[in-house]
Every structure is written in structure tokens, then in C-alpha cells.
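Hi,

Here is the structure I promised to pass on to you. Have a look at it first, and then read my notes underneath.

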Amino acid sequence: MILRSDPAKIAENFHCLGPAPVPSFLLDGERPVMFEAGIYLYGQHYYDQLVHILGERRPEYLLLTHVHFDHCGAAGYLKRMMPGLAIGTSIEGSEIVKKQSAIDLITRLNRFGKDDVPAFEPFTVDRVLEDGDEIRVSPGLTVRVIRTPGHTRDMTTYYIPELKAMIPSESVGVPGRDDYIMSEFLIDYDVYMNSLRRLAEYEVDILLISHGVYYTGPDARAYIPRSIDATGRFREWVERLLREYDGDHEAVLRAIKRDEYDVLEGEKQPEPAYLLNLKAKIGAVQRRMTAKMVGCGLNGA
Ligand SMILES: [Zn+2]
């Protein structure tokens, strides 16, 4: 079902488009900027709300944090609806979206189990973004690019200094049940932690997390340090289970899924995507353990 609720206002000129679990964001100004392209299913929803806010005007950029299926799903659709829109992301992201295997995966995950529905429109990247790049929205309103790999290689965070607003996507964890934060280091634990520590140095009043709520004020400021703690605890948990199950990744996968995913209620990440990510995280912890053992000379190699 496509929701038709009014877009939510985050701040003056800053809006959340689409449903909170898979949102897109719009920063209005002389040259409006859109962030994130959610899933294909909500393409028209994002577009309609955008038109409702901008009238005849259109955004100059669509900035993607990374090209996972639920962050770039509607990018091609939005580009088709707004041919003047420039899609911006990292060099790695620009390469990934050219690959047929990536297009196939993004399409499959955007189908949500339905075979015969349009589920993705491939796109190309118009502007490659580097760490430190700045995009001017209006005089006194800019978007700063912070490269934050670790969740994926192509990960990018956007920061709006004038609003102290940050769009880190899964560079910070995803809120789970109660106070739990799901850490998201799919590629490399230490690289992810370094990115988190970098983000912790920014002043944040508005923190837009991609899958659900956003935080303001003290909650926003507390979230990144909490994510750092949660990531460390999750790594220790996986290490403990890997030892307990003698390196059996499948057994570790089942144990974590039971306590982390099965307990979640309501709308949640599709299970295939969750399992794919969890597998990657267990692999990342395993590689780190093995590297440390080699480093200590314990591996006999
Ligand atoms: Zn992701």
C-alpha cells in the first residue's frame, strides 16, 4: 500500500518524504537537495510529496549514502521523473551501480517476494563525491560530504553544518528493540569504528537514521557514542559465539538472529537482507580474530 500522509517536517525547509522506515529527505533552498532514494515501491510517494512542497521547482541533487537496495531503490524512477536531477554518491557507489550483478540484487530485493512487478530502474551517477566536498543549497546553507566506509565500501555521510543535521544512514547503527542498536559493519569492523569515531566529533542536533525514527537534541548527541558502545559489544558477542560454536558460522547466525531479529515486532528489514548482512558481519569478526591470532603468532602459520 502506498501511504499518502503529508510529508513530515524535520526543521524549517527540511522534510522527511515517504514512510519513516524507508524515507527520503528534502532540504529546500535556492537549489534544493534530496537525500536517499528508499525503495522502488515508494518512488511515486517520494515524488508526490516533493512536488507538494516544491511546486514547480525541482531539486538539483539526489545524494545517496550508499547503493543498498533500500537506499537507492527509487533513484532511477526519480531521475526519470526529473531528468535535470543530478545523482551524487561516492566513486565506489558509481562503479557498483554499473554492475549487472548489483542491478540484479537490488531488483530482487526490491521485489519483496513478488515476481511480476517493476522493481528497479537502473541509473548512472552524475557526480562523484569526495570527502570534504561541499554543495551549496543557498547562501548560508551547505551540505558537507564525509566519507564513512565500514558498513559498505561506498558509504557516505552528509552533514548540514547550519542545522547541525547529519544523515549517516547505517554508518551509525540501526535502532532495534528497546535501547538496542544494531551495528552495521558489513565490510570491516575497524574501518566502521573509525568512521563512527569521526562522526562522533561533529556537533549534532538532528540525526536522521534511515530506518525509523530520527533524533534531535540530547538524544541525537548521545546516539553516536551509544552506537560505538553497541558495536564493541556486538563484536564481543560474535567472538564469544564463534568460540562457543567452534567457528560454525551457521550456528552463530541462528543464535544471533533469534535474539536480535526474531524479537522485533512490526515492520522490519526483510529476512533475506537481514541474513545477508548478519553473515557479512560474522565474517568480518572472524577475519579480525584470525588476523589478531596471526599477529600474536598463535596461528602457527
Ligand atoms: Zn545499507
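Below is what turned up, starting with the whole chain and ending with a couple of single residues.

One thing before anything else: this is a predicted model, so please read everything here with that in mind.

**The whole thing**

The protein has nine helices and 15 strands. Along the principal axes, its C-alpha atoms fill a box of roughly 65 × 45 × 35 Å. How does the radius of gyration fit with a compact globule? For 301 residues such a globule would come out near 19 Å, and the protein has 19 Å, so the two agree. As for burial, 42% of the 301 residues count as buried. The chain also brings distant parts of its sequence together: if you take the contacts between residues at least 6 apart in sequence, 66% of them join residues at least 24 apart.

**Two domains**

The protein splits into domain 1, residues 8-232, and domain 2, residues 236-295. Their centres, taken over C-alpha atoms, are 25 Å apart. Where they touch, domain 1 puts in 12 residues and domain 2 puts in 13. On the domain 1 side of that contact, you'll find eight nonpolar residues, two polar ones and two charged ones.

**The seven-stranded sheet**

If you want something to orient yourself by, try the open sheet of seven strands. Its order is E1-E2-E3-E4-E5-E6-E7, and the pairing is mixed. Which strands stand at the edges? Those are E1 (8-11) and E7; each has a single partner strand, so one side of each has no neighbour in the sheet.

Let's walk in from the E1 end. E1 and E2 run antiparallel and are joined by three bridges, with Lys9 standing opposite His15 in E2. The two strands form a hairpin with two residues between them, where Asn13 takes a positive phi near 70°.

Next come E2 (residues 14-17) and E3 (residues 24-27), which pair in the antiparallel sense over four bridges. His15 turns up again here, as its bridge partner in E3 is Leu26, while Cys16 has Phe25 as its bridge partner in E3. This pair makes a hairpin as well, with six residues between the strands, and Gly18 in the turn has a positive phi of about 80°.

At the E7 end the direction is parallel. E5 (residues 61-63) and E6 (residues 86-89) run parallel, joined by three bridges, and Leu62 stands opposite Ile87 in E6. E6 then runs parallel to E7 (residues 127-128), with two bridges between them; there, Thr89 has Val128 in E7 as its bridge partner.

**The core**

The largest nonpolar core has 76 residues, and those with the most contacts inside it are Val33, Leu62, Ala74, Ala75 and Leu207. Which helix gives the most to this core? That would be H7 (residues 217-244), with eight residues. The core also takes in both domains, with at least three residues from each of domain 1 (8-232) and domain 2 (236-295).

Ala75 is a good one to click on. Leaving out residues up to four places away in sequence, Ala75 touches Ala37, Leu62, Leu64, Ile87 and Phe123. You've already met two of these in the sheet, since Leu62 and Ile87 are the residues that stand opposite one another.

**Two residues in H7**

Finally, here are two spots on that helix to compare. Ile228 lies in H7. Is Ile228 buried or exposed? The cut-off for buried is 20 or more C-beta neighbours within 10 Å, and Ile228 has 20, so it counts as buried. Setting aside neighbours within four places in sequence, Ile228 is in contact with Met193, Leu196, Arg197 and Ala200. Val213, on the other hand, is 15 residues from Ile228 in sequence and 19 Å from it in space, C-alpha to C-alpha.

Pro218 is in H7 too. With 9 C-beta neighbours inside 10 Å, Pro218 counts as exposed, because the cut-off for that is 12 or fewer. Pro218 and Ile206 are 12 residues apart in sequence, and their C-alpha atoms are 9.4 Å apart in space.

That's the tour. Over to you!

Note on methods
Residues numbered from 1 in each chain as written. Predicted model: local features only at pLDDT ≥ 70, side-chain atom pairs only at ≥ 80, totals over all residues. Pairing = 2+ DSSP bridges. Domains from an automatic or database assignment. Contact = placed C-beta atoms within 7 Å. Nonpolar A, V, L, I, M, F, W, Y, C, P; charged D, E, K, R; others polar. Core = buried A, V, L, I, M, F, W, Y, C linked by C-beta atoms within 7 Å. Rg over C-alpha atoms; globule rule 2.2 N^0.38 Å.
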